[in-house]
2 protein chains.
Amino acid sequence: MLDKAALIVESFRPTGGPYRLAELAQRTGLPKPTVHRLAADLVRLGWLERTDGARYRLGGRLFELGSLVPRRRDLREAALPFLQDLFEATRETVHLGVREGLEVVYLERIHGHDALQLPSHIGHSLPLSCTGVGKALLAFCGTELTEEVLARPLPSLTAHSLTDPARLRMALEKTQVSGLAYEEQEAVPGVSCIAAPVFAGGDAVAAISVAVPRARFRPAQLAPAVRTAALGLSRMLRGGI
Amino acid sequence: MLDKAALIVESFRPTGGPYRLAELAQRTGLPKPTVHRLAADLVRLGWLERTDGARYRLGGRLFELGSLVPRRRDLREAALPFLQDLFEATRETVHLGVREGLEVVYLERIHGHDALQLPSHIGHSLPLSCTGVGKALLAFCGTELTEEVLARPLPSLTAHSLTDPARLRMALEKTQVSGLAYEEQEAVPGVSCIAAPVFAGGDAVAAISVAVPRARFRPAQLAPAVRTAALGLSRMLRGGI
DNA sequence: AATGTTTGTTCCGTGACACGGAACGACGCA
DNA sequence: TGCGTCGTTCCGTGTCACGGAACAAACATT
């Protein structure tokens, strides 16, 4: 029964809803009365909410609980000042992401009034190979993981996404040398990105990136800023997270 | 059974853990074998995690789900640029909060390297009457709610917290006139705060505040910045959130 | 070393309650 | 008026959640 409830809640990814009862039944594959009963329980617990009387969406209690997750909260808290610095220096969209399995999960995204339309929402996950943050993490996460990613078919989000393992391997090697990962229109058309890994105890535990409209992408000016932020956070984490 | 699982998860508030099995059994009032079984299920679902083999804490999946909650995500996303402006203008700790029942829940907190030690973590809730954000919300949330708060005994976080209903009522009236709420060491000793409500369709849906060490609290300089941010966000929300 | 205490874990018989097919009324549409 | 789909309720069946009891391991105390 817990599994069924979790199935319902997870079926709200990645949009958060709202969905109708029949939609939920279809998305989860559960019988309609079962969804009805469990959804009512979840609403009572505050994990789901009802909108306009007929639709369900994720509830506020879930936000409050999710914000407390120590492994996320502590890293985000430590990183925020450095992300602020990076944003002020570049005035472009700044990301903080970590690896979760074979995907990158975004912990924070900072932007100004001219926000880019990006799929990298907080809590959202994207393939490692398609994003700057992902490539920075992948390049410093050990050989076995790299090989696992290279062995599988590479997912693609745009026509520019790297689908050739050889090219990805070469890009990762460059990143290992330079400490910087580049991404050009591989996640979103028209948007380029430069990222740097954050280290804590030898392992890359996170990565910081700046996403920029392709038209004004100036790597020579962004690279030092991104690297500075990542190194600063790494030094802070060495003091124990 | 869902209730028991929710009880376990909620028992991690407000710290997020980690807790041992016996602690969880005590916090929830559930028998030890029951907690053991349910916690194992929750770990399997990613809602809890095990640290050092013997302790439980909130899990990463919960963070990802919580970040998707539409009611929170949309407001946070819309507010972020204005919070950035406010932070850059003041270089002090900036808050965004909403009302949830008789408490304020913080949706965002932005700070620099010299972060204040505050209880106002994201997702955390505090009494309306003890915080700047809370007073700004309370002053523009309708009479019946104000009276309900004034009727109950006022909670206090510090020796400076307002516990006299008459004084709180007077403070709220001043806020209704000026559009600004003040708080001095009522939530944290040594920290003052100034806040302004955010309107959408006549109701105050949120509030923005700046928290400052008492020593350098200059209301005359902070007030215009906070008001500007709140009004800017209000105008943006009028375009439909 | 010996003892007592608390821990996390496993087992299993019992019974409560989750389950979902079937049926219902309400609504939108043609 | 008839049809399809919606959300909701009912209820008999069978399952699986439940937690007391027992266990071994780790720790604390003497």
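Here is a short walk through a predicted model, with stops at DNA strand C and at the axis relating chains A and B.

**Stop 1: DNA strand C.** Select DNA strand C and show the protein residues around it. You should pick up 14 residues, and the closest are Thr34(A), Arg37(A), Leu21(B), Ala22(B) and His36(B). Color them by class and you get seven nonpolar, five charged and two polar residues. Now flip the view and look from the DNA side: of the strand C atoms within 4 Å of the protein, 73% belong to sugar or phosphate, and the rest to bases.

**Stop 2: the elements behind that surface.** Switch to cartoon. In chain A, highlight α3 (32-45); in chain B, highlight α2 (21-28) and α3 (32-45). Each of these supplies at least two residues of the surface near DNA strand C.

**Stop 3: phosphate contacts from chain A.** Zoom in on three side chains, going by distance labels. Start with Thr34(A), where a polar side-chain atom sits 2.4 Å from a phosphate oxygen of DNA strand C. Next, pick Arg37(A): a side-chain N or O atom there is 2.7 Å from a phosphate oxygen of the strand. Then go to Lys4(A), which places a polar side-chain atom 3.0 Å from a phosphate oxygen of DNA strand C.

**Stop 4: the axis.** Hide the DNA and superpose chain B on chain A. A turn of 180° with a shift of 0.0 Å along the axis does the job, with an RMSD of 0.1 Å. That's the relation of a two-fold axis. Both copies use the same surface, too: 100% of the contact residues of chain B recur in chain A. To find the axis from chain B, select Gly66(B), whose C-alpha comes closest to it among the residues of that chain, at 2.3 Å.

Methods:
Residues numbered from 1 in each chain as written. Chains lettered and ligands numbered in written order. Predicted model: local features only at pLDDT ≥ 70, side-chain atom pairs only at ≥ 80, totals over all residues. Heavy atoms only, no water. Near = heavy atom within 4 Å. Polar contact = N/O pair within 3.5 Å; in protein donor to acceptor, adjacent residues only side chain to side chain. Helix = DSSP H or I, 4+ residues; strand = E, 2+ residues; numbered from the N terminus. Nonpolar A, V, L, I, M, F, W, Y, C, P; charged D, E, K, R; others polar. Least-squares fit on C-alpha atoms with pLDDT ≥ 70 in both. Contact = heavy atoms within 4.5 Å.
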